[in-house]
Amino acid sequence: MSFYIHPSCKIHPTARINVVEGYLDKDAVVNEHAVLEGYRIEIGREAFIDRFATIGGGSCFDRSAFLIAGHWFHMGVNSHVNTARGVTVGNEVG
């Protein structure tokens, strides 16, 4: 498996993405110094991940670790989602 980033996504050059499998759907924005890391991350369309926000932490590369987020997922500046125990959120969650 692999991590798919839709071509319409805007990823800042300082953002770091290290994900084994999943996807970042169309029109997502990942701002400067944001970090997405872990075993499985699935994020719906038009997500906004702001500066210095992080997804991962702890044992994020364990096979049971994941983030599944619906459309219009929003992470503010310096926010964090720890995926070690698995996290599922619906649409329009920030």
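Is Arg-40 buried, partly exposed or exposed? Arg-40 turns out to be partly exposed, with a relative accessible area of 24%. Keep in mind that this is a predicted model. Here's a quick tour of its salt bridges, its largest nonpolar core and one of its sheets.

**Salt bridges**

- There are three salt bridges in the structure.
- Let's start with Arg-16, which forms a salt bridge with Glu-37, and here the closest N and O atoms are 3.4 Å apart.
- Arg-16 sits in strand β3 and Glu-37 in strand β5, so this pair ties together parts that are 21 residues apart in sequence.
- As for its surroundings, Arg-16 is partly exposed, at a relative accessible area of 45%.
- Back to Arg-40: its side chain meets that of Glu-42 in a salt bridge, at 3.2 Å from N to O.
- Glu-42 is buried, with a relative accessible area of 18%, while its partner Arg-40 is partly exposed.
- Then there's Arg-51, which forms a salt bridge with Asp-50, with 4.0 Å between the closest N and O atoms.
- In this pair, Arg-51 counts as partly exposed at 34% relative accessibility, whereas Asp-50 counts as buried at 15%.

**The largest nonpolar core**

- This core has 20 residues, and the ones touching the most other members are Leu-36, Ile-41, Ile-43, Ile-49, Ile-55, Leu-67 and Phe-73.
- Three elements give two or more residues to the core: β3 (16-24), β5 (35-43) and β8 (66-69).
- The largest share comes from β5, which puts in three residues.
- Take a closer look at Phe-73: leaving aside residues up to four places away in sequence, Phe-73 touches Ile-43, Glu-46, Ala-47, Phe-48, Ile-55, Leu-67, Val-81, Val-89 and Val-93.

**A four-stranded sheet**

- Four strands make up an open sheet in the order β2-β4-β6-β9, and their pairing is parallel.
- At the edges you'll find β2 (10-11) and β9 (74-75); each has a single partner strand, so one side of each is left without a neighbour in the sheet.
- Further in, β4 (residues 29-30) and β6 (residues 48-49) pair in the parallel sense over two bridges.
- To spot this pairing in the model, look for Val-29, which stands opposite Phe-48 in β6.
- Phe-48 has come up before, as one of the residues that Phe-73 touches.

Terms used:
Residues are numbered from 1 along each chain as its sequence is written. This is a predicted model: local features need pLDDT of at least 70, side-chain atom pairs count only at pLDDT 80 or more; totals for chains, interfaces and linings use all residues. Side-chain values use heavy atoms; hydrogens and water are left out. A nonpolar core is a set of buried Ala, Val, Leu, Ile, Met, Phe, Trp, Tyr and Cys residues joined through side-chain atoms within 4.5 Å. Buried means under 20% relative accessible area, exposed over 50%, partly exposed in between (1.4 Å probe, protein chains only). Contact means heavy atoms within 4.5 Å. Two strands pair if DSSP finds at least two bridges between them.
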